[in-house]
Amino acid sequence: NTEKGDPSAAFLLDGVYIARPQAQEVSFFDVNRVEVLRGPQGTLYGRNTTAGLVNVITNRPVDDFEAAANFTVGNFGTIRGDAMINVPAGDKVAFRVAGAMERRDSYLVKVPGDTSSIDPYKDNYSVRGQALFTINDSVNFLLRADYSKLQGSPQNVVLANNFYAPIASGAPAYTNPAYIGGQHSSRELRSIGYDLSTDPTLDGKTWGIDGELNWDVGPLTMTYLGSHREFSQVGLNASVNGRGPFTSTFDGDFKQNSHELRFAANDIEALKFQFGAYYFDETSHNSLVLPGIVGFAQGPTHSKSYAFFGQGIYSLTDLLRVTAGGRWSHDDKDRVGRTYNPVTNALISPNDASTSSSKFTWRLGLDYDLDANSLLYGVVSTGYKAGGFNGGCEAGTPNCANPRPNAALYYAPETLTSYEVGLKTKFADNMVRLNASAFYYDYTDLQVSSIGAYNGVPQQVTQNAAAATVKGLELETIVSPGGGHRFNAGVNYLDAHYTDYEPLGLGVPPDFAGLSLDRAPKWVGTLGYSYTYDFQSEATLEFSANTRISSEYFLSSQTNGQRFRQPGFTRSNLSVTFTAPAGRYYIQGYANNLENDIQVSTAGFSQGVSLVTPSDPRTYGVRLGFRF
């Protein structure tokens, strides 16, 4: 989430890559579907998709009048609402406008006597407008624009000793600290544990405009997708270190442009293919100040990427198909900035760096239809994520009194090869759906972030773990025996570990070789049941229950090698929904995390204090909505 690098899992809104993850949560309203693809997607989709991608597809304007609204009230002061209206204007033009708001208080609990405010934790407002112009049977143009206001509190961490026995700072602790969370209530686990001394605040906004042109030119369909987006955020954060509470301020401004031109084949017997080109450009300015401690001023930071891609599917027989694709990507990134003393404004170090990398990635797969309801597949693909740089400067940079070795200043691109085989089938008169898959990821130069010291100042540092492997099995089934009953179950096995990794850290680097990757439980199971009762009026009443069962996982503080163990747990949800005939309106009661069990979702060690992020407690509420 910084200007110095990129996420491994890409996020797209209507096919547009959004670089800053902070701007993503306001995208989920008036949504048609959400596509989630696991593993490297570097052939056709965007950039830097080594782990996978999430593509949110919103509803496009249609030729009929439509209107809908949804409203939610829940605990922790939760209020959500969204609405949309779709209006056609003749045969050639249609307009659609949608808006959303969400407000809720913090799940965290202040220490007694703390007069600061952490509410509301979230107070967001969004609007999106679209216009679809159908020029003729061969050409259409879709114009979209959106604006969102993001406000609230950035406070999301508590002291680690809410969950763990006291941890001595200093030497790496390879053994698991004693977990004592089970002896505490949900409220105690969510207690911040120190006086914030100020009101942590967050104020941001994001907006964008994009256009999509589709032109059927006979043997090919041309699609152009262009976008401009901006995101800015100002925040005041409250934290704690070995000396006590302190505040920090952040101010960031990000602008991005992207262009994609692709061509897809039409009506070519036995062959489907598409090819195209992609360009992305992002410029940012941001600053982070810890009053009396250190300041960072970065900018401009400039990131540029372009690529050429193509992929085709050829039917060798009526039952057997082969897929082949490739993508050549090139990335440039540079920055001019400085680390300084916020009291005297004296320069500590320039933060100047630039890096460039290129990579060809490919995909090869086979699909075979065992019968009309069964697909057997196998695929081998490669992924690539551009390299970047950390704070500091290299020898020869003006005013660089303490140059950083290139091995510490720069980190290399992340690459992997992925292998997957699987089966998708339906049987028993389509009452049973079964999906099974096995996969293996072989990472080289996996990018991992930790905290390291430079010029006596702790800073986030990204480096390359030399190698890591991920092996897994997935099995899921849905059984619909009739009578309104529906069952679903799934089990996932995962073996994900470093094969070679020594974090930079502070002090003696720990050795993580053989240790599991963070947030990688070995076993996860899901169980669900729903029952739908159909009234004679064609109204329905649905009861739904599901649970997720996870084995233990670990979170690492690469700073000093501490490994935080999260024991196995379950999280269960319930809902009851009444839907009127023809779906004109509905009302639903829901409850999530019935156990009210709190897990640790992030953990770290900074300046003598271990901090963790707790998961959500039990939430419940009522939803209602209408559509016509």
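This note sets out numbered points on the strands, cores, pocket and local backbone features of a predicted model.

1. Open sheet near the start of the chain. Four strands make up an open sheet with mixed pairing, and their order is E2-E1-E4-E3. Its edges are strand E2 (16-17) and E3, each of which pairs on one side only. Within this sheet, strand E1 (residues 9-13) and strand E4 (residues 52-58) run parallel and are joined by five bridges. One point of register is Ala 9, which stands opposite Gly 52 in E4.

2. Pairing of E11 with E12. Strand E11 (residues 201-216) runs antiparallel to E12, and 16 bridges join the two. The register can be followed from Leu 202, whose bridge partner in E12 is Gly 235. The two strands form a hairpin with three residues between them. In that turn, Gly 218 has a positive phi of about 100°.

3. Pairing of E12 with E13. Strand E12 (220-241) also pairs with strand E13 (residues 244-265), again in antiparallel fashion, through 22 bridges. Here Asn 237 stands opposite Ser 248 in E13. In general terms, the strands of a sheet pair through backbone hydrogen bonds, in either a parallel or an antiparallel sense.

4. Largest nonpolar core. This core has 24 residues. Those that touch the most other members are Phe 163, Tyr 164, Ile 192, Tyr 194, Val 600, Leu 611 and Val 612. At least two residues each come from strand E10 (158-159), strand E12 (220-241), strand E28 (553-557), strand E32 (600-606) and strand E33 (609-614). The greatest contribution is that of E33, with three residues. Strand E12 therefore appears both among the suppliers of this core and in the antiparallel pairings with E11 and E13, given that two strands pair if at least two bridges are found between them.

5. Second core. A separate core of 15 residues is also present, and its members include Tyr 441, Tyr 443, Ala 465 and Tyr 501.

6. Second largest pocket. The volume of this pocket is about 930 Å³. It is lined by 38 residues, of which Leu 37, Gln 41, Arg 363, Tyr 377 and Val 379 are the closest to its centre. The elements that give two or more residues to the lining include strand E3 (31-38), strand E14 (271-290), strand E15 (294-315) and strand E18 (353-371). Also among them are strand E19 (374-385), strand E22 (414-427), strand E23 (432-454) and strand E24 (457-482). Strand E19 gives the most, with six residues. By class, the lining comprises 15 nonpolar, 15 polar and eight charged residues. Strand E3, an edge strand of the open sheet in point 1, is thus one of the contributors to this lining.

7. Disulfide. A search of the whole structure returns one disulfide. The link is formed by Cys 393 and Cys 400, with their sulfur atoms 2.0 Å apart. The angle about the S-S bond is 85°, and the link is right-handed. Both Cys 393 and Cys 400 are buried.

8. Cis peptide bonds. The bond from Asp 119 to Pro 120 is cis, with omega near -5°. Pro 120 lies in the loop between strand E7 (93-104) and strand E8 (122-134). A cis peptide bond also joins Gly 299 and Pro 300, where omega is about 5°. Pro 300 is found in strand E15, one of the strands that contribute to the pocket lining in point 6.

9. Positive phi at Asp 445. Phi of this residue is near 55°, a positive value in a residue other than glycine. Asp 445 is placed in strand E23. Because its relative accessibility is 26%, Asp 445 counts as partly exposed.

10. Positive phi at Asn 593. Phi of Asn 593 is also near 55°, and this residue too is other than glycine. Asn 593 sits in the loop between strand E31 (585-592) and E32. Its relative accessibility is 1%, so Asn 593 counts as buried. The strand that follows this loop, E32, is one of those that supply at least two residues of the largest nonpolar core.

Methods
Residues are numbered from 1 along each chain as its sequence is written. This is a predicted model: local features need pLDDT of at least 70, side-chain atom pairs count only at pLDDT 80 or more; totals for chains, interfaces and linings use all residues. Side-chain values use heavy atoms; hydrogens and water are left out. A disulfide is a pair of cysteine sulfur atoms within 2.5 Å. Buried means under 20% relative accessible area, exposed over 50%, partly exposed in between (1.4 Å probe, protein chains only). On a 1 Å grid over the protein atoms alone, a cavity is a set of points where a 1.4 Å probe fits but cannot get out, and a pocket is an open set with protein on both sides within 12 Å along at least five of seven lines; lining residues have an atom within 4 Å of a point. Grid points are joined across faces, edges and corners, and a volume is the space filled by probe spheres set on the points. Ala, Val, Leu, Ile, Met, Phe, Trp, Tyr, Cys and Pro count as nonpolar, Asp, Glu, Lys and Arg as charged, and the others, Gly among them, as polar. A nonpolar core is a set of buried Ala, Val, Leu, Ile, Met, Phe, Trp, Tyr and Cys residues joined through side-chain atoms within 4.5 Å.
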